[in-house]
Amino acid sequence: MGDESADRKLLDFLVDYCAAHPSDDSDRFLENLRNAGDVWRPRESQTLAATETLGKVAGLAHPLAKPLVDGFIDQKDRLHWEQSYRKSHGLVGDDMLAGYGFVEILGKHGPFVSEVARCGMGVWGPNMNYPIHKHATVENYVVVAGRAVFTVGDAVDIEKHSGEAVYVESNTEHGFRTEDDPLVVFYAWQAGDMRELSKFQHVGPS
């Protein structure tokens with residue numbers, strides 16, 4: 001069962017990190033994150049392989065993100081871990097389905113309910129491919145531990161390390177791949193249907 005006080009602490013970590021991160025892109029989301037999340041509801045615990053991956057990345061965390069990462073590691077086993085995609089969708093590969101997951105703290109399905117903003121933590125294991133996709137919602141990733149190689153629009157094979165942000169405008173094609181390191185991101189969404197299933201450049205796993 002949920003724990004409102006513990007969930008509030010995680011939301012505070014997320015908002016504080018967004019406020020402290022030195023990026024104009026992060027600043028775009030801050031007002032919505034600060035002014036949402038007054039309604040709380042319990043979420044049942046649900047773990048995935050990504051839950052255990054998160055537990056192994058403390059040494060990869062960016063110094064600014066260490067309180068955020070440590071806070072989620074401490075709470076990882078009681079949180080509600082999800083995946084947007086299922087094998088039946090035929091959109092992402094088995095490698096990704098076997099090792100990714102996310103926790104939504106603020107949003108339509110979060111313990112803190114919001115129709116205007118969504119944020120939480122996402123985790124991908126090593127050697128995964130998130131194929132090129134797009135959605136109407138505006139999105140910001142900040143790598144808080146590990147690294148990945150991103151494509152955003154015409155910018156291809158851009159390596160991002162812990163502490164670096166990736167901003168994605170509405171309906172901009174984007175994707176990434178991890179290599180030897182896992183990837184942990186702070187994510188924030190706003191505008192549009194924040195639970196929209198992405199449209200993929202190529203239907204079917206790559």
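In which strand is asparagine 140 found? In this predicted model, asparagine 140 is found in strand E7. Strand E7 covers residues 138-152, and 15 of its 15 residues are buried. The points below start from asparagine 140, follow E7 to its partner strands, and then turn to strand E6, the helices and two loop residues.

**Asparagine 140**

- Asparagine 140 is buried because its relative accessible area is 0%, under the 20% cut-off.
- The side chain of asparagine 140 makes a polar contact of 3.4 Å with the side chain of serine 26.
- Beyond its neighbours within four places in sequence, asparagine 140 is in contact with Asp25, Ser26 and Phe29.
- The same list of contacts includes Ala165, Val166 and Tyr167, as well as Phe186, Tyr187 and Ala188.
- The bridge partner of asparagine 140 in strand E9 is tyrosine 167.

**Strand E7 with E9 and E11**

- E7 pairs with strand E11 (residues 183-190) through 8 bridges, and the two run antiparallel.
- Within this pairing, glutamate 139 of E7 stands opposite tryptophan 189 in E11.
- E7 also pairs with strand E9 (residues 165-168) in the antiparallel sense, over 4 bridges.
- Glutamate 139 has a bridge partner in E9 too, namely valine 168.
- In E9, Ala165 and Tyr167 point one way while Val166 and Val168 point the other way.
- These four residues of E9 are all buried.

**Strand E7 with E8 and E10**

- Strand E8 (residues 155-161) is joined to E7 by 5 bridges, in an antiparallel arrangement.
- Alanine 148 of E7 stands opposite lysine 160 in E8.
- E7 and E8 form a hairpin with 2 residues between them.
- Glycine 153 lies in the turn of that hairpin and has a positive phi of about 60°.
- Strand E10 (residues 174-177) runs antiparallel to E7 and is joined to it by 4 bridges.
- The bridge partner of phenylalanine 150 in E10 is phenylalanine 176.

**Strand E6**

- Strand E6 (residues 129-134) is joined to E10 by 3 bridges, and these strands run antiparallel.
- In that pairing, asparagine 129 stands opposite arginine 177 in E10.
- E6 is also joined to strand E12 (residues 199-200), by 2 bridges and again antiparallel.
- Here lysine 134 has lysine 199 of E12 as its bridge partner.

**Helices H1 and H2**

- Helix H1 (residues 4-20) packs with helix H2 (residues 24-34) at an angle of about 145°.
- The axes of H1 and H2 are 9 Å apart.
- H1 passes H2 in a left-handed crossing.
- H1 brings Val15, Cys18 and Ala19 to the contact, and H2 brings Ser26, Leu30, Leu33 and Arg34.
- By class, the residues of this contact are 5 nonpolar, 1 polar and 1 charged.
- Ser26 of H2 belongs to the contact with H1, and its side chain also makes the polar contact with asparagine 140.

**Helix H4**

- The buried residues in helix H4 (residues 66-75) include Leu68, Val69, Gly71, Phe72, Ile73 and Gln75.
- The helices against which the buried residues of H4 pack are H1 and H3 (49-54).
- The buried residues of H4 also pack against strands E3 (100-107), E5 (117-124), E7 and E11.

**Loop residues with positive phi**

- Asparagine 171 has a positive phi of about 60° although it is not a glycine.
- Asparagine 171 is placed in the loop between E9 and E10.
- Asparagine 171 counts as partly exposed because its relative accessible area of 44% falls between the 20% and 50% cut-offs.
- Alanine 191, likewise not a glycine, has a positive phi of about 75°.
- The loop between E11 and E12 holds alanine 191.
- Alanine 191 is partly exposed, with a relative accessible area of 43%.

Methods
Residues are numbered from 1 along each chain as its sequence is written. This is a predicted model: local features need pLDDT of at least 70, side-chain atom pairs count only at pLDDT 80 or more; totals for chains, interfaces and linings use all residues. Side-chain values use heavy atoms; hydrogens and water are left out. Buried means under 20% relative accessible area, exposed over 50%, partly exposed in between (1.4 Å probe, protein chains only). Two strands pair if DSSP finds at least two bridges between them. Axes are lines fitted to C-alpha atoms, for helices over the stretch in contact, and angles run from 0 to 180 degrees between N-to-C directions. A crossing is left-handed if the near helix is turned anticlockwise from the far one by less than a right angle, and right-handed if clockwise. Contact means heavy atoms within 4.5 Å. Ala, Val, Leu, Ile, Met, Phe, Trp, Tyr, Cys and Pro count as nonpolar, Asp, Glu, Lys and Arg as charged, and the others, Gly among them, as polar. A polar contact is a pair of N or O atoms within 3.5 Å; within protein, one must be able to donate a hydrogen and the other to accept it, and residues adjacent in sequence count only if both atoms are side-chain atoms.
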